[in-house]
Amino acid sequence: MVQPSSPRALLARWLSSRGNTPRADPAFLARFGYRFDAIADLVLRLYAPRLDDPDAFVLRVADLLAGAHASRPTELRAGDAEREARVAEGREPWFLEPGLAAYMAYLDRFSGDFRGFRERLPHLERLGARIVHLMPFFPCPAGNNDGGYAVSDYLGVDPRLGTVADLVEAARELHRRGLYLAADLVLNHCSDEHPWALAAKRGERRYRDYFHVFPDRAAAERYGRAMPEVFPETAPGNFTWVPELDAWVMTVFHRFQWDLDWSNPEVFVEMLGILLELANRGIDILRLDAVPYLWKREGTDCRNLDEAHDIVRLLKACADVAAPGLAFLAEAIVQPSEIVRYLDSGRVEECQLAYHASLMVLLWDALATGKTAVLSRSFGEETRLAPGTGWLSYARCHDDIGLGYDEEKILRAGFTPRAHRRFLLDFYSGRYPGSFARGRLFMEDPRTGDARISGTCASLCGLEKALEEGDGAAVDLAVKRIMLLHGLAASLTGIPLVFSGDELGLVNDFSWLDDPALADDNRWMHRPRLDPEALARSEVADTVESRVMNGIARFLRLRKDVPAFAPDAPFEVLHAQDEHLVLCLRSPKEAAAKARILVAANFTAKSRAVRFQELPAGLGAPARDLLADEDAPSVLEPGTGEIALGPYALAWIALAAPERKAGA
Ligand code: OTU
């Protein structure tokens, strides 16, 4: 290997040869100069062993960034400048703007295609969502393609959904309306029909090296001996025999999703080019799919390795130079202490947003048990974030609910971990006597007894059962549960995220069973089509659809102007005497905006009360419930110092500023 030059010398060389052209944008050069050391350093850390000429590689990356920036459309550059100015003025970054809320949808199920998308925007505006995540819309194989997560062309658009021009236009339309577009970068794996995989199958060495290839089963199994299985039921093992290669390929997810070998610098360059091109099409947030899996090392579980973090840092440093308005969303559904590492990793930035999978699981835990000990004790620990980063808080998404939380927390709450998990699985699959839920087990592993949970928010909250039994009171309770979860996602911390269909209270959709391409993946039961009739009913008073839709829209609208509900405003979980309540204190970031809010939630079907005298002193007197209206009159009972909470009720109590001590 040729010895690498110092980053300074290298930067000078790049500037004199290519950078200082008359067309070079001074802002770009400033950003580039600022991050050059970090980029050169990360490149060496990750790739030195595989580079003959590290300088040449760094210069190649530099050229790529300059090229991407040069072709970045003017309006996006203007957007970048605004976003940068905002932070320079001391305000929070654009994606943490108070009041933002997010929505995620499969385009075909949401609006048919990109053309229909425009017509659905009023629905999103009525809901109050301003970040729209469209699930993978890229070309992918016919048949089972894991909902588009088997990408065969990262820079194309699935012809069934539209064209690249439609995508660009959709982003423009969102921006015109003050909305943002989020999209996936499925960077851990590609489809076995991607040209890279096809070239590998044709025997091209260059492309064979894009993947993790093993000559025989023993070698593969030795490498992956500590790797858990993601889809043990339908895609057991982590390797697939590929006759054309006469070898085994690593396939952590499905057999048709080949893991990319990120230790190959060529894979990095390819994906960086794709990332920058997607940014140039107007995507504001890139969701890094399966990010914990990026780096593999023999004998490890191949998750959350330090190099995976370095890759994200390197990608982010590069994006910050060429497309500084872009934010990264970590899709890291791993244990809480690992998730936060994708957000808060010290010197060089990594992701700015992450799914709050820990909170999501805790909400479902509390709903099944009616007890909040696990939630209250765990939420708040390990989930405090670095400035400039935030959570997406949600009840449901397109994936299963995995019970991925620390066993120690369950123990501390007085449950036996194994039995507790079994209970949750039985409860949500409807097997537990008296359960209101109608879900199914996903990826049950008979060897470990482990499983995850599928089902729509509404079905898991009891709506499907109640409707089937024609039980009006049970329908009311189910709607209250749906509201409780969404209301907490809107007020505990972070940016609320609604999964398509949940805003209408849609129940499980069993049509997936009739489609052979979907039939072995029951996550499709909770990915319903946004059918026009349900949408129409959401505009008719007193239907379930309108109650849920208006209820969630109201949460999103009311929280918008509450400084204490800014995504990154502090929170503190208060110890509740009553083990069925959650109490969380939200404080505005600026002390001047005094009003603190006490979020109080009842996880049972019985009325309960928050007794103020039992809460820590100095909280301030309850002044007003932001959620109370004529239909649900104020729950405050000033005489008794209590807040009454009806079945599954949620209250957002504004607190009067505590009285100052005399002389203070
Ligand atoms: C993601 O989920 C996507 O959200 C899924 O829809 C895809 O099937 C999958 O990647 C493959 O692209 O295991 O059960 O820690 O948990 O990447 C869902 C992250 C998953 C993984 C996550 C994965």
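In this short talk I will go through the domains of this protein chain, the contact between two of them, one small sheet and one salt bridge. Please keep in mind throughout that this is a predicted model.

Let me begin with the domains. The domain assignment divides the protein chain into domain 1, made of residues 94–188 together with 267–559, domain 2, covering 189–259, and domain 3, covering 565–655. If you look at domain 1 and domain 3, their C-alpha centres lie 27 Å apart, and 35 residues of domain 1 are in contact with 27 residues of domain 3.

What is the area buried between domain 1 and domain 3? It comes to about 2,600 Å², and carbon and sulfur atoms give 67% of that area. When we turn to polar interactions, we find ten residue pairs in polar contact between domain 1 and domain 3, counting pairs in which both residues are at pLDDT 80 or more, whereas the count of salt bridges between these two domains is zero.

Which elements of domain 1 give two or more residues to the side that touches domain 3? They are helix 14 (357–369), helix 15 (373–378), helix 20 (472–489) and helix 22 (544–560), and helix 20 gives the most, with seven residues. Sorted by character, the residues on this side of domain 1 divide into 18 nonpolar, ten polar and seven charged.

Next, please find the small sheet. It is an open sheet of three strands, with the order 5-7-6 and antiparallel pairing. The edge strands, each of which pairs on one side only, are strand 5 (213–214) and strand 6 (239–242). As a general reminder, strands of a sheet pair through backbone hydrogen bonds, either parallel or antiparallel. Strand 5 and strand 7, the latter being residues 247–250, pair in the antiparallel sense over two bridges, and valine 213 stands opposite valine 249 in strand 7.

Finally, we come to the salt bridges, of which a search of the whole structure finds 59. In general, side chains of opposite charge can pair when their charged atoms come close. I would like to show you one such pair, in which aspartate 261 forms a salt bridge with arginine 50, and the closest N and O atoms are 3.9 Å apart. Aspartate 261 lies in the loop between strand 8 (257–259) and helix 11 (265–280), while arginine 50 lies in the loop between helix 2 (26–47) and helix 3 (54–70), so this pair ties together parts that are 211 residues apart in sequence.

Key:
Residues are numbered from 1 along each chain as its sequence is written. This is a predicted model: local features need pLDDT of at least 70, side-chain atom pairs count only at pLDDT 80 or more; totals for chains, interfaces and linings use all residues. Side-chain values use heavy atoms; hydrogens and water are left out. Two strands pair if DSSP finds at least two bridges between them. Helices (H or I, at least four residues) and strands (E, at least two) are DSSP runs, numbered from the N terminus. Domain bounds come from an automatic or database domain assignment. Contact means heavy atoms within 4.5 Å. Buried area is the accessible area (1.4 Å probe) that two parts lose on being put together, summed over both. A salt bridge is a side-chain nitrogen of Lys or Arg within 4 Å of a carboxyl oxygen of Asp or Glu. A polar contact is a pair of N or O atoms within 3.5 Å; within protein, one must be able to donate a hydrogen and the other to accept it, and residues adjacent in sequence count only if both atoms are side-chain atoms. Ala, Val, Leu, Ile, Met, Phe, Trp, Tyr, Cys and Pro count as nonpolar, Asp, Glu, Lys and Arg as charged, and the others, Gly among them, as polar.
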